[in-house]
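Reader: Got a minute to go through this one with me? I'd like to start with how the chains meet.
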Amino acid sequence: MIPSTLEYTKASSIDEAVAAVAAGAVPLSGGQSLMPMMRLRLAAPHAIVDLSGIPELVGICEDEDEIAVGAMTIHREIAASELIRAHAGLVADAAGGIGSPQVRNRGTIGGSLGHADPHSDMPATLIAAGASVIAKGPNGERRILAEDLITTYLTTTLEPGEIITQVRIPKSDDHSAYAKFHRRAIDWTVVGVGVCIGDNGVRAAATGVADKPVRLSAFEAVLNGGGSLDDAIAKVAEGIEPHAGLDGSVEYKKHLLGVLARKAHGEASSR
Amino acid sequence: MGETITVTVNGTAHTAEVEPRTLLVHFLREQLNLTGTHIGCDTSTCGCCTVHVDGDAVLSCSTLAIQCDGREVRTVEGLQSEDGTLHPIQQAFHENHGLQCGYCTPGMMMAAVGIIEQQPNATDDEIRAALEGNLCRCTGYQNIVASIRAAADQMARS
């Protein structure tokens with residue numbers, strides 16, 4: 001189908017994009033979620049502002065403690081980044097498995113976070129990695145923990161007029177991995193689990209098991225309290241109530257959660 | 001409502017008026033009459049509409065024409081040389097029976113060129129993995145992979 005009539009502007013600076021979003025335009029990053037929704041008329045923004053003309057939103061660099069990833073950096077670049085592979089392997093894992101090469105050539109890390117689909121791969125891995133998001137709006141810039149960004153289906157704590165400009169991933173020596181299950185390569189993930197194992201303990205998060213990506217607190221608590229992996233797997237779904245849908249029942253998704261937590265933990269441990 | 005854009009398609013600059021909501025695939029097919037690029041699924045699943053924008057394989061059904069203002073687009077029509085010589089990927093699909101009904105073929109070939117350019121020494125397994133975004137409803141995947149293998153080898157030799 002053809003999207004509804006809309007006004008299009010291409011911002012050449014972050015300030016210009018913020019002004020457009022504050023005036024009601026929807027930010028367009030890689031378009032790999034927004035465009036299909038517009039075609040199906042699930043979304044019908046009256047105005048969009050294209051962020052692809054803002055050079056400072058693209059690229060991966062580092063300071064002493066963190067890797068800074070521009071919000072418009074595409075998944076292909078993230079999957080190929082040695083820096084991200086070295087410090088947050090699970091984020092590179094996730095980026096390399098999103099959609100298809102065509103989708104990874106357009107889709108962006110900021111777009112994935114801002115879209116907040118409860119089956120996205122990227123947000124869960126960034127939560128497990130302890131990443132933060134830099135958002136800029138009419139009232140200036142602020143930092144939001146990735147864990148505090150997404151509140152429910154397609155909904156974030158971004159204020160009106162705010163856009164995500166950067167994702168900051170802590171540099172760590174953690175061993176980490178992401179494991180997911182999906183039916184066909186191009187399909188959305190049914191359930192995915194990211195695990196980081198380091199000197200400060202285990203952190204884990206999952207996608208596809210709630211209305212937003214969630215920390216696997218019970219799983220972490222068992223392992224960080226010296227318990228066995230089997231005991232942690234037995235408790236992995238504690239406090240989590242997945243939604244039944246065409247992609248599986250509640251029991252099925254809880255089962256997948258255990259299988260994938262074990263797989264991700266095993267892969268992380270072997271790295 | 002129209003906006004004027006200039007897009008270089010297969011080496012030729014086209015200046016045209018488009019509505020901002022016009023998808024790249026509709027611009028190519030309906031305004032430039034380049035109907036080699038197919039529309040399959042309308043949900044970013046099938047890869048039929050794959051074209052290259054500034055050298056990257058992308059889905060033309062998930063890109064607005066206006067986003068391509070000032071950019072270079074390559075479609076399946078741009079593969080063969082001006083003298084009519086087939087591109088190695090076209091020749092390989094021809095020789096290896098890489099198509100049955102042919103509907104997915106333009107997208108397969110544009111994805112294949114992207115794969116060969118990104119990974120010139122891709123193994124068969126890597127070719128299969130990289131084709132994850134292209135569906136063939138005839139399920140002719142064996143010969144599609146064989147065609148891409150043959151084209152990659154041919155392009156490496158020349």
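Reader: So how many salt bridges are there between chain B and chain A?

Author: The count there is two salt bridges, a salt bridge being a side-chain nitrogen of Lys or Arg within 4 Å of a carboxyl oxygen of Asp or Glu. Before going on: this is a predicted model, where local features need pLDDT of at least 70, side-chain atom pairs count only at pLDDT 80 or more, and totals for chains, interfaces and linings use all residues. Residues are numbered from 1 along each chain as its sequence is written, chains are lettered from A and ligands numbered from 1 in the order in which they are written, and side-chain values use heavy atoms, with hydrogens and water left out.

Reader: Ok. Which side chains meet in a salt bridge with a 2.8 Å N to O distance?

Author: Those are E132(B) and R104(A).

Reader: And how much area is buried between chain B and chain A?

Author: About 2,600 Å², with carbon and sulfur atoms giving 54% of it. Buried area here is the accessible area (1.4 Å probe) that two parts lose on being put together, summed over both. In chain B, the residues that lose the most area to chain A are R21(B), Q67(B) and E132(B), together 26% of what that side buries.

Reader: How many residues does the contact take from each chain?

Author: 30 from chain B and 31 from chain A, where contact means heavy atoms within 4.5 Å.

Reader: Any polar contacts to go with that? How many residue pairs?

Author: Eight pairs between chain B and chain A, both residues at pLDDT 80 or more. A polar contact is a pair of N or O atoms within 3.5 Å; within protein, one must be able to donate a hydrogen and the other to accept it, and residues adjacent in sequence count only if both atoms are side-chain atoms.

Reader: Switching to chain A by itself. Which domains is chain A divided into?

Author: Domain 1 is 7-50, domain 2 is 58-170 and domain 3 is 175-269; the bounds come from an automatic or database domain assignment. The C-alpha centres of domains 2 and 3 of chain A lie 20 Å apart. Domain 2 of chain A puts 26 residues into their contact, and domain 3 of chain A puts in 25.

Reader: What do domains 2 and 3 of chain A bury between them?

Author: About 2,000 Å², 56% of it on carbon and sulfur atoms. P118(A), H119(A) and A128(A) supply 26% of the area on the domain 2 side, more than any other three residues. The rule finds two salt bridges across that interface, and 18 residue pairs in polar contact, both at pLDDT 80 or more. As for salt bridges in chain A, D121(A) and K180(A) form one at 3.3 Å, N to O.

Reader: Sheets next. What order do the strands of the open four-stranded sheet in chain A have?

Author: β11-β12-β13-β14, with antiparallel pairing. β11 (175-181) and β14 (214-215) of chain A are at the edges with a single partner strand each, so one side of each has no neighbour in the sheet. Strands here are DSSP E runs of at least two residues, numbered from the N terminus, and two of them pair if DSSP finds at least two bridges between them.

Reader: How many bridges join β11(A) and β12(A)?

Author: Seven, in the antiparallel sense, with β12 of chain A covering residues 191-198. A179(A) has V193(A) in β12(A) as its bridge partner.
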